[in-house]
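Colleague: I'm new to this one. Could you walk me through it, feature by feature?

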Amino acid sequence: MPASLLQQCQPSAPPSDPITYGASVLWNELLLTDLQNCNSQLDGIKQIEAERLK
């Protein structure tokens with residue numbers, strides 16, 4: 001299993017403290033990208049496991 005697929009997913013930190021409405025909108029975009037990256041890792045693991053079990 002490649003180490004890149006086993007790295008822990010980390011969400012992006014909020015852009016400011018306290019967070020403003022405008023900053024939260026921008027943060028949402030970063031968090032969605034983080035989620036897509038984590039899902040890609042999981043898909044890669046699932047694909048490797050499916051090939052292994054054949």
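Colleague: Let's start with one side chain: is R52 buried or exposed?

Modeller: R52 is exposed, with a relative accessible area of 57%. Buried means under 20% relative accessible area, exposed over 50%, and partly exposed in between, using a 1.4 Å probe and protein chains only. Before we go on, keep in mind that this is a predicted model, where local features need pLDDT of at least 70 and side-chain atom pairs count only at pLDDT 80 or more, while totals for chains, interfaces and linings use all residues. Residues are numbered from 1 along each chain as its sequence is written, and side-chain values use heavy atoms, leaving out hydrogens and water.

Colleague: Which residue forms a salt bridge with E49?

Modeller: The idea is a side-chain nitrogen of Lys or Arg within 4 Å of a carboxyl oxygen of Asp or Glu. Here E49 pairs with R52, and their closest N and O atoms are 2.8 Å apart. The two sit 3 residues apart in helix α2, about one helical turn. Helices here are DSSP runs (H or I, at least four residues), and strands would be E runs of at least two, numbered from the N terminus. As for cover, E49 is partly exposed at 26% relative accessibility.

Colleague: How many salt bridges are there by this rule?

Modeller: The count comes to 2. Besides E49 with R52, the side chains of K54 and E51 meet at 3.4 Å, N to O. Both K54 and E51 are exposed.

Colleague: What about disulfides: how many does the structure hold?

Modeller: In general, a disulfide is a covalent bond between the sulfur atoms of two cysteines. The working rule is a pair of cysteine sulfur atoms within 2.5 Å. This structure holds 1, formed by C9 and C38 with their sulfur atoms 2.2 Å apart. C9 lies in the loop between α1 (3–6) and α2 (21–53), and C38 lies in helix α2, so the pair ties together parts that are 29 residues apart in sequence.

Colleague: And is C38 buried or exposed?

Modeller: C38 counts as buried, at 17% relative accessibility. Its partner C9 is partly exposed, at 30%.

Colleague: C9 made me curious about Q41. Which residues does Q41 touch?

Modeller: For touching, read contact: heavy atoms within 4.5 Å. Leaving out residues up to four places away in sequence, Q41 touches S4, L5, L6, Q7 and C9. Q41 is found in helix α2, and it is buried, with a relative accessible area of 15%. There's a finer detail too: the Q41 side chain reaches the backbone oxygen of Q7 at 2.9 Å.

Colleague: L6 is on that list. Which residues make the nonpolar surface patch with L6?

Modeller: For patches, take residues with over 30% relative accessible area and no salt bridge; like charges are joined within 9 Å, and nonpolar side chains (Val, Leu, Ile, Met, Phe, Trp, Tyr) within 5 Å. The areas come from the Shrake-Rupley method with a 1.4 Å probe, and for residues only the protein chains shown count as cover. In this model M1, L6 and I48 make a nonpolar patch of about 280 Å². L6 belongs to helix α1 and is exposed, with a relative accessible area of 56%.

Colleague: Now the loop. Where does P15 lie, and what does it touch?

Modeller: P15 lies in the loop between α1 and α2. Setting aside residues up to four places away in sequence, P15 touches A23 and W27. P15 is partly exposed, at 48% relative accessibility. Its C-alpha is 9.8 Å from that of L30, 15 residues apart in sequence.

Colleague: And which residues is P11 in contact with?

Modeller: Not counting neighbours within four places in sequence, P11 is in contact with L31 and D34. P11 is also in the loop between α1 and α2, and it is exposed at 59% relative accessible area.

Colleague: One last thing: is the peptide bond from D17 to P18 cis or trans?

Modeller: That bond is cis, with omega near 0°. P18 has its place in the loop between α1 and α2.

Definitions and conventions. A polar contact is a pair of N or O atoms within 3.5 Å; within protein, one must be able to donate a hydrogen and the other to accept it, and residues adjacent in sequence count only if both atoms are side-chain atoms.
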